[in-house]
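User: I would like to learn how to read a structural model feature by feature. Could you take me through one, giving the general idea before each case?

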Amino acid sequence: MAFRSPLINVMASAATKAARGLKRDFGEVENLQVSKKGPSDFVSVADQKAEDVLFAELSRVRPEFGFLMEERGIVEGSDKSHRWIVDPLDGTTNFLHGLPQFAISIGVERDGDVIAGVIYNPITDEMYWAEKGNGAYCNDRRLRVAARKDLKECVIATGVPFHGKGDHLRFLKELGLVMREVAGIRRFGAASLDLAFVASGRFDGFWETDLQPWDIAAGIILVREAGGFVTDQRGAKKVLNAPEIVAGNEIVHEKLRRLIERAGLPPKRAKKPAEPAPAAE
Ligand code: IPD
Ligand code: CA
Ligand code: CA
Ligand code: CA
């Protein structure tokens, strides 16, 4: 039985509680109140209710930690070195279309470094979790990134820029460069789970432009603790606020990074969370 630290237990139990509402609402998606944050950037009451539960639960058990949340933004804590990074519903578009690929994602940042993460898909009941130095797990199963080295055998995940967001032509260039080298490309629509799938070896690699810290915080530590590499498009490890993220085992990560590098530099981030200057990761 894998040993879960008190910190992981706190995160897993908050995610389980918040997931109850998501599961209920998933069956009733037509009746959900939905609003738009941008041209195709939706938020539903389900996102907000889940975030309320996570905020209440996590602040009850660690009242001193700060928060960076997708919907509420930043809440300062008395402990300036720790904060929760929360995406209450990653994969909102999937959720609203009745597609069962979405998750709650919670990361813990300590002085700019992600030290723990939990990603929970309530539909499959897969709880991914990792803590620095202690490995990565799905429920009680230890995770390891895939060992494939030849891109011709690899399935690589990515994200397609939403309508009105990102540089679509540049993305198509990246896609063209990658798709002619690999076995297959997938776009499942929840970045946290894309990274969890890299950690578990389902995907051999993943790249995406313009993600936000809450999309990737927990996934970064999962992939690293599963023996994989996660960097920005230039190979820098400080990736939480980077414009582009690349993940995979050591070999696939570098091959993928070099391929997308040929498409040129990523555009400036469409939306940058207002947050204090990040410390070194
Ligand atoms: C989105 C998902 C998606 C990614 C988008 C994100 P949200 O998060 O992670 O896979 O391509 O860029 O915004 O809005 O569903 O939490
Ligand atoms: Ca969103
Ligand atoms: Ca997200
Ligand atoms: Ca979200």
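User: Which residues does UniProt list for "binding site" in the unreviewed entry?

Analyst: Please keep in mind throughout that this is a predicted model. A record of this kind is a place to begin, and its annotations may be inferred rather than shown by experiment. For "binding site", the unreviewed UniProt entry lists Glu70, Asp87, Leu89 and Asp215. These positions span 146 residues in sequence, yet no two of their C-alpha atoms are more than 9.5 Å apart, so they gather at one spot. The unreviewed UniProt entry also places a "binding site" feature at Asp90.

User: Where does glutamate 70 lie, and is glutamate 70 buried or exposed?

Analyst: Burial is read here by counting neighbours, with 20 or more other C-beta atoms within 10 Å as the cut-off for a buried residue. Glutamate 70 lies in the loop between β3 and β4 (73-75), and it is buried because 22 other C-beta atoms fall within 10 Å. Setting aside residues within four places in sequence, glutamate 70 is in contact with Val86, Asp87, Pro88 and Trp214.

User: In which strand is aspartate 87 found, and with which residues is it in contact?

Analyst: Aspartate 87 is found in strand β5 and counts as buried, because it has 32 C-beta neighbours inside 10 Å. Leaving out neighbours within four places in sequence, its contacts are Glu70, Ser105, Ser192, Trp214 and Asp215, so that two of the listed "binding site" positions, Glu70 and Asp215, are among them.

User: How should I read aspartate 90 in the same way, and what is aspartate 90 in contact with?

Analyst: Aspartate 90 is found in strand β5, which covers residues 82-90, and it is buried because 28 C-beta neighbours lie inside 10 Å. Beyond its neighbours within four places in sequence, aspartate 90 is in contact with Phe102, Ala103, Ser105, Ala190, Ala191, Ser192 and Asp215.

User: Which of the residues around ligand 1 come nearest, and which element gives the most to that shell?

Analyst: A shell can be read by its members, by the elements that supply them and by their chemical classes. There are 13 residues around ligand 1, of which Asp90, Thr92, Gly159, Ala191 and Asp215 come nearest. Strand β5 gives the most, with 3 residues, while β5 and α3 each supply at least two. By class, the shell holds 4 nonpolar, 5 polar and 4 charged residues, and at least three residues are drawn from each of domain 1 (6-142) and domain 2 (151-261).

User: How many residues of domain 1 are in contact with domain 2?

Analyst: The chain is divided into domain 1 (6-142) and domain 2 (151-261), whose centres, taken over C-alpha atoms, are separated by 20 Å. Across the boundary, 34 residues of domain 1 are in contact with 25 residues of domain 2. On the side of domain 1 that touches domain 2, β7 gives the most, with 7 residues, and by class this side has 17 nonpolar, 11 polar and 6 charged residues.

User: Which residues of helix α2 are buried, and what covers them?

Analyst: An α-helix has 3.6 residues a turn, so residues three or four places apart point the same way. Helix α2 (residues 45-61) has 17 residues and reaches 25 Å from its first C-alpha to its last, close to the 24 Å expected at 1.5 Å a residue. Within α2, the buried residues are Ala46, Asp47, Ala50, Glu51, Val53, Leu54, Phe55 and Leu58, and what covers them includes α1 (6-26), β2 (41-44), β3 (66-69), β5, α3 (92-96) and β6 (103-110).

User: What is the phi of asparagine 139, and what is that of aspartate 210?

Analyst: Most residues other than glycine have a negative phi. Asparagine 139, although not a glycine, has a positive phi of about 50°, and the phi of aspartate 210 is also positive, near 70°. Asparagine 139 is in the loop between β9 and β10 (141-142) and is exposed because 11 other C-beta atoms lie within 10 Å, whereas aspartate 210, in the loop between β13 and α6 (213-225), counts as buried because it has 23 C-beta neighbours inside 10 Å.

Methods
Residues are numbered from 1 along each chain as its sequence is written. Chains are lettered from A and ligands numbered from 1 in the order in which they are written. This is a predicted model: local features need pLDDT of at least 70, side-chain atom pairs count only at pLDDT 80 or more; totals for chains, interfaces and linings use all residues. Helices (H or I, at least four residues) and strands (E, at least two) are DSSP runs, numbered from the N terminus. A residue is buried if 20 or more other C-beta atoms lie within 10 Å of its own, exposed if 12 or fewer, and partly exposed in between; C-beta atoms are placed from the backbone. Two residues are in contact if their C-beta atoms, placed from the backbone, lie within 7 Å. The expected span of a helix is 1.5 Å times one less than its number of residues. A residue is near a molecule or strand if its C-beta atom, placed from the backbone, lies within 6 Å of it. Ala, Val, Leu, Ile, Met, Phe, Trp, Tyr, Cys and Pro count as nonpolar, Asp, Glu, Lys and Arg as charged, and the others, Gly among them, as polar. Domain bounds come from an automatic or database domain assignment.
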